[in-house]
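Got your viewer open? Here's a short tour: I'll tell you what to select, and you look around at each stop.

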Amino acid sequence: MDILAAILLVLGTLLMLIAAVGILRLRDPLQRMHSATKAGTLGTVLLVIGVLLSTDDAPVATGLLAILFLMFTLPLAAQLLGRATYLSGTPLKEIEDSAIPELESDRAKARSSRHD
Amino acid sequence: MIDLPLLADILAVALCIALALAGWRLVKGPSFADRFVAFDMLTALGIGFAGLTSVATGRGAFLDIALALALINFVGTVAFALFLERKARD
């Protein structure tokens with residue numbers, strides 16, 4: 001059990017470290033979000049599972065609740081933030097040419113009203 | 001067996017490096033979206049620190065902090081996203 005807990009703790013920490021490197025190195029907000037959300041979510045979840053396995057008297061209910069909230073809310077929050085990023089007209093390096101059809105009218109509206 | 005508290009201490013140092021990288025992005029920007037993403041990451045790192053502290057000290061109560069951070073993180077990010085969209089509309 002100790003070995004499993006140690007492996008999960010190390011894996012979670014490594015994933016978060018990789019996510020942080022991605023935040024620093026990738027080139028535009030959406031790419032950084034891609035790194036932070038996927039690696040960040042899995043990293044925190046693995047780390048909390050590792051904490052639960054580390055001792056016999058760990059508060060399992062609290063830990064499982066935290067994992068549940070993390071897995072439900074982090075992707076949702078990232079989706080909202082990504083939408084807001086796109087609509088606010090932040091310069092994006094990769095998707096200028098391939099606009100998102102569902103949001104294009106909203107983005108044009110946001111841009112034209114910004115230039116007024 | 002493995003000395004888990006010592007391992008947690010070492011991993012906390014590794015998380016400090018991640019904290020520095022995300023903090024640098026938070027300071028540097030350049031856009032609001034970058035800062036919000038970095039802030040999101042900082043909260044996730046806070047959850048990680050809470051878990052590692054729980055292992056290092058043997059107190060399970062530190063997981064309550066992780067739960068609270070997970071809840072606050074969501075509300076904060078949604079508020080930031082709405083702020084960004086409203087800022088674009090105005």
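How many helices and strands are there in chain A? Select chain A and trace along it: you should find 4 helices and 0 strands. Keep in mind that what you're looking at is a predicted model. Starting at the N terminus, the elements of chain A go α-α-α-α. Of the 116 residues in chain A, 42% are buried. Now think about which residues touch which: of the contacts in chain A with a separation of 6 or more, 59% are between residues 24 or more positions apart.

**Over to chain B**

Select chain B next. This chain has 3 helices and 0 strands, running α-α-α from the N terminus on. Turn the C-alpha trace around and check its extent: along the principal axes, chain B spans about 60 × 25 × 15 Å. Its radius of gyration is 16 Å, while a compact globule of 90 residues would have one near 12 Å. Even so, 47% of the 90 residues in chain B are buried. Among its contacts between residues at least 6 apart in sequence, 48% join residues at least 24 apart.

**One helix up close**

Zoom in on H1(B), the helix covering residues 4-28 of chain B. Try the distance tool on its two end C-alpha atoms: they are 36 Å apart. That agrees with expectation, because 25 residues at 1.5 Å a residue should span 36 Å.

Now colour the buried residues of H1(B), which include Leu4(B), Leu7(B), Leu11(B), Leu15(B) and Ala18(B). Arg25(B) is buried as well. To understand the spacing, a general point helps: an α-helix has 3.6 residues a turn, so residues three or four places apart point the same way. What do the buried residues of H1(B) pack against? Show H1 (2-25) and H2 (29-54) of chain A, plus H2 of chain B, and you have the partners. Before leaving, click on Gly29(B), just after H1(B), which takes a positive phi of about 80°.

**Where the chains meet**

Show both chains together. The contact takes 48 residues from chain B and 49 residues from chain A. On the chain B side, helices H1 (4-28), H2 (32-57) and H3 (62-89) each give two or more residues. Which of them provides the largest share? Highlight H3(B), which supplies 17 residues. Colour the chain B side by residue type and you get 33 nonpolar, 8 polar and 7 charged residues.

**Into the core**

Next, look for the largest nonpolar core, which has 63 residues. Helices H1, H2 and H3 of chain A and H1, H2 and H3 of chain B each give two or more residues to this core. Select Met16(A), Leu81(A) and Met41(B), the members that touch the most others. Leaving out residues up to four places away in sequence, Leu81(A) touches Met33(A) in chain A, and its chain B partners include Phe36(B), Val37(B) and Phe80(B).

**Last stop: Leu80(A)**

Select Leu80(A), which sits in helix H3 (residues 60-87) of chain A. Is Leu80(A) buried or partly exposed? Leu80(A) counts as partly exposed, because it has 19 C-beta neighbours inside 10 Å, and a residue needs 20 or more to be buried. Setting aside neighbours within four places in sequence, Leu80(A) is in contact with Thr77(B), Val78(B) and Ala81(B). Finally, draw a line from Leu80(A) to Leu26(A): their C-alpha atoms are 20 Å apart, and the two residues are 54 residues apart in sequence.

How values were computed:
Residues are numbered from 1 along each chain as its sequence is written. Chains are lettered from A and ligands numbered from 1 in the order in which they are written. This is a predicted model: local features need pLDDT of at least 70, side-chain atom pairs count only at pLDDT 80 or more; totals for chains, interfaces and linings use all residues. The radius of gyration is taken over C-alpha atoms; the globule rule is 2.2 Å times the number of residues to the power 0.38. A residue is buried if 20 or more other C-beta atoms lie within 10 Å of its own, exposed if 12 or fewer, and partly exposed in between; C-beta atoms are placed from the backbone. Two residues are in contact if their C-beta atoms, placed from the backbone, lie within 7 Å. Ala, Val, Leu, Ile, Met, Phe, Trp, Tyr, Cys and Pro count as nonpolar, Asp, Glu, Lys and Arg as charged, and the others, Gly among them, as polar. The expected span of a helix is 1.5 Å times one less than its number of residues. A nonpolar core is a set of buried Ala, Val, Leu, Ile, Met, Phe, Trp, Tyr and Cys residues joined through C-beta atoms within 7 Å.
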